[in-house]
Every structure is written in C-alpha cells, then in structure tokens.
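Work through the exercises below with the sequence and the model side by side, and try each task before reading its solution.

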Amino acid sequence: MLSPFVAASQVIVEAPKVSITSQDAFFSHLKALCGKAFAGKIAVDNQGPGSMAGKALTMHVRKCSDTELQIPFHVGEDASRTWIITKTGAGLSLKHDHRHKDGTYDESTMYGGHTVDAGWPQVQSFPADQYSKELFVSQGIPQSIGNTWQMYIYPEFFTYRLVREGREFRVDFDLTQEVPVPEAPWGYQD
C-alpha cells in the first residue's frame with residue numbers, strides 16, 4: 001500500500017492552475033494579440049492633464065505563456081511599465097512591474113490586485129491586494145488602497161482603467177491598427 005505522503009520527487013505532473021471559463025476567455029483574448037503593439041489615447045483623467053498627456057501611448061503584448069502575459073505600456077520614451085497578468089489557480093492577478101532605465105526596480109513596483117469574482121470574458125477587475133495596500137501606505141499615498149484596476153478587451157479596442165473614490169483614469173487602445181513593436185521595456189531583453 002502506498003503512503004498518503006508521496007515525496008515531491010515522485011510527482012510526475014504538477015497540479016494544474018485551475019481557472020473558470022470567463023477568466024480563461026479573457027486571458028485567451030489577450031493572448032491572441034501576442035507579438036502585436038497598439039496605440040492608445042487617454043480617454044478619461046479626472047485629475048489631468050498628468051504626466052502622460054500629449055505623449056505617445058503604446059501597449060505591446062510581448063510575452064505570452066499558458067499562465068502569464070507580459071504587456072509593456074510605453075509612455076513616449078518611458079519604457080518603465082509592464083503589466084503582468086497571471087493565472088493563479090484562484091483567478092487572475094495583475095501586477096505593475098516598474099523599472100528604472102538601468103533595469104533596476106522602482107520602489108513602487110509589483111503593486112496590483114487579484115480578481116475576486118468571475119468577471120466577464122471581455123472585462124476583469126483587480127481590486128488592490130494586501131501587498132499593494134501596505135506599499136501605498138508606506139509610500140504616503142493611502143488614498144490608493146481603494147484602487148481597482150480594470151481591463152476590457154473587445155475586437156476593436158482594449159482599455160486599461162484605474163478607479164477609486166474620486167479618481168478615474170482610462171486609456172483606450174485601438175486594436176484595429178497595429179503599430180511598430182517598441183523596444184524591450186526597461187529591465188527586459190528581446
């Protein structure tokens with residue numbers, strides 16, 4: 001009789017990262033854009049104009065696996081931002097990887113959130129996770145603990161949106177027209 005405690009070295013196949021249909025569909029819609037880049041424009045900024053105003057905005061679905069998508073968000077010449085969407089086995093995670101030009105991490109990096117419900121095949125919401133809330137408090141921006149990031153994907157557009165009490169920021173990307181793929185984001189290699 002086999003022991004109920006099997007050594008890790010005897011595991012032949014790792015346990016799958018399970019997910020639900022709506023999140024799988026959302027992930028697949030984004031993954032279908034892998035290798036492509038698209039131009040965006042600020043559609044809403046109720047505290048604007050901010051540092052992104054008037055700059056070229058480009059998203060590039062750069063690296064895709066069955067469990068992770070890396071999507072750099074270039075703001076003019078600034079290649080410091082990469083959105084990382086990961087299947088976690090309990091939903092989807094969104095993290096914001098922020099780097100300096102030399103590739104080192106910004107002190108404000110890897111903040112984001114995790115889905116708390118099914119969402120829809122076209123829309124997922126990511127309320128701030130505990131790591132992010134603690135980071136925001138330590139950085140003196142406690143108003144950000146209420147952040148929820150939302151992503152929308154439809155055949156003709158992709159939207160990145162940040163909302164919290166008193167704050168809305170939204171960038172819409174035109175998926176009908178590809179643009180040249182930008183260079184690798186800071187801290188990454190081609």
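Three exercises follow, on the overall fold, on the largest pocket and on single residues.

The model is predicted, so local features need pLDDT of at least 70 and side-chain atom pairs count only at pLDDT 80 or more, while totals for chains, interfaces and linings use all residues. Residues are numbered from 1 along each chain as its sequence is written, and side-chain values use heavy atoms, with hydrogens and water left out.

**Exercise 1. Describe the order of the elements and the compactness of the chain.**

Step 1: Helices (H or I, at least four residues) and strands (E, at least two) are DSSP runs numbered from the N terminus, and the chain has two helices and 11 strands.
Step 2: Read from the N terminus, the order is α-β-β-β-β-β-β-β-β-α-β-β-β.
Step 3: The radius of gyration, taken over C-alpha atoms, is 18 Å, close to the 16 Å that the globule rule gives for 190 residues, so the chain is as compact as a globular protein of that length; the rule is 2.2 Å times the number of residues to the power 0.38.

**Exercise 2. Characterise the largest pocket and its lining.**

Step 1: A pocket is an open set of points on a 1 Å grid over the protein atoms alone, where a 1.4 Å probe fits, with protein on both sides within 12 Å along at least five of seven lines. The largest pocket has a volume of about 550 Å³, the volume being the space filled by probe spheres set on the points, which are joined across faces, edges and corners.
Step 2: Lining residues have an atom within 4 Å of a point; of the 25 here, Met-52, Tyr-111, Leu-162, Arg-167 and Phe-169 are the closest to the centre.
Step 3: The largest share of the lining, three residues, comes from strand 10.

**Exercise 3. Decide whether Ser-93 and Asp-45 are buried or partly exposed, and list their contacts.**

Step 1: Buried means under 20% relative accessible area, exposed over 50% and partly exposed in between (1.4 Å probe, protein chains only).
Step 2: Ser-93, in strand 6 (residues 92-98), has 11% and is therefore buried, whereas Asp-45, in strand 1 (residues 37-45), has 23% and is partly exposed.
Step 3: Contact means heavy atoms within 4.5 Å. Leaving aside neighbours within four places in sequence, Ser-93 is in contact with residues including Ile-84, His-114 and Phe-126, and Asp-45 touches Gly-50, Arg-167, Glu-168 and Phe-169.

Note on methods: Nonpolar A, V, L, I, M, F, W, Y, C, P; charged D, E, K, R; others polar.
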